[in-house]
Amino acid sequence: VSSEHAQKIAHWLVDHPKVKHVYYTGLPFHEGHALQESQASGHGAVLSFDLGTREQAIRFMNRLKIPLVAISLGSVESILSYPAEMSHASMPKHVREQHGITDGLVRLSVGLEHPDDLIEDIDQALSD
């Protein structure tokens, strides 16, 4: 269920004007899509997306109502993390960026909430 919800959210995020890039192997244009398809029956419940800047990412996290903000990626509730200042904070910025972990990147582990509720929450958090 969470994988299907992540797929729906990823497709929605791709078309959002404030989202610079979506990283999810379930998207047909993702560079790892074919490999994932050959190795697994799904694409998982975790996706990442880049909002461009640290300020945009922090603003987004502060405005969300549903996902918890935490480092953990596994639970029944959706969890959002900010790798630049959480899981990868000890890496020098230039090394993080070489691996695609920019200051605007957020990671969403999709839980059991209805995907439309998560999309609505994400949308309001990205609005001006």
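**Surface, sheet and core of the predicted model**

In this predicted model, valine 1 is exposed, with a relative accessible area of 62%. The cut-off for an exposed residue is over 50% relative accessible area, and the 62% computed for valine 1 therefore places this residue in the exposed class. Valine 1 lies in the segment that precedes α1.

Valine 1 also takes part in a nonpolar surface patch, which it forms with Val76 and Leu112. Together, these three residues have about 310 Å² of accessible area. Two members of the patch, valine 1 and leucine 112, are separated by 111 residues in sequence, yet their C-alpha atoms are 7.2 Å apart in space. In soluble globular proteins, nonpolar side chains tend to be buried together. The patch formed by Val1, Val76 and Leu112, by contrast, is on the surface.

The strands of the model were examined next. An open sheet is formed by five strands, arranged in the order β1-β2-β5-β4-β3, and its pairing is mixed. The edges are occupied by β1 and β3 (68-69); each has a single partner strand, so one side of each is left without a neighbour in the sheet. At one of these edges, β1 (residues 21-23) pairs with β2 in the antiparallel sense over three bridges, and tyrosine 23 stands opposite serine 48 of β2. Strand β2 is also paired with β5, again in the antiparallel sense, over five bridges; here valine 46 has serine 109 in β5 as its bridge partner. At the other edge, β3 and β4 (residues 79-81) run parallel and are joined by two bridges. Leucine 68 stands opposite isoleucine 79 in β4.

Strand β2 is mostly covered, with four of its five residues buried. This strand also contributes to the largest nonpolar core, a set of 26 residues in which Ile9, Leu47, Phe49 and Phe60 have the most contacts. Two or more core residues come from each of α1 (2-14), β2 (46-50), α3 (54-63), β5 (105-109) and α5 (115-126). Of these elements, α5 provides the largest share, namely five residues.

The surroundings of leucine 47 were then considered. When residues up to four places away in sequence are not counted, leucine 47 touches Ala6, Ile9, Ala10 and Leu13, together with Tyr23 and Tyr24. Its remaining contacts are with Val106, Arg107, Leu108 and Val110. Ile9, one of the residues touched by leucine 47, is likewise among those with the most contacts inside the core.

Technical notes. Residues numbered from 1 in each chain as written. Predicted model: local features only at pLDDT ≥ 70, side-chain atom pairs only at ≥ 80, totals over all residues. Heavy atoms only, no water. Core = buried A, V, L, I, M, F, W, Y, C linked by side-chain atoms within 4.5 Å. Buried < 20%, exposed > 50% of the residue type's maximum accessible area, 1.4 Å probe, protein only. Contact = heavy atoms within 4.5 Å. Patch = residues over 30% accessible without salt bridge, like charges linked within 9 Å, V, L, I, M, F, W, Y side chains within 5 Å. Areas by Shrake-Rupley, 256 points an atom, 1.4 Å probe, with all protein chains shown as cover. Salt bridge = Lys/Arg side-chain N within 4 Å of Asp/Glu carboxyl O. Pairing = 2+ DSSP bridges.
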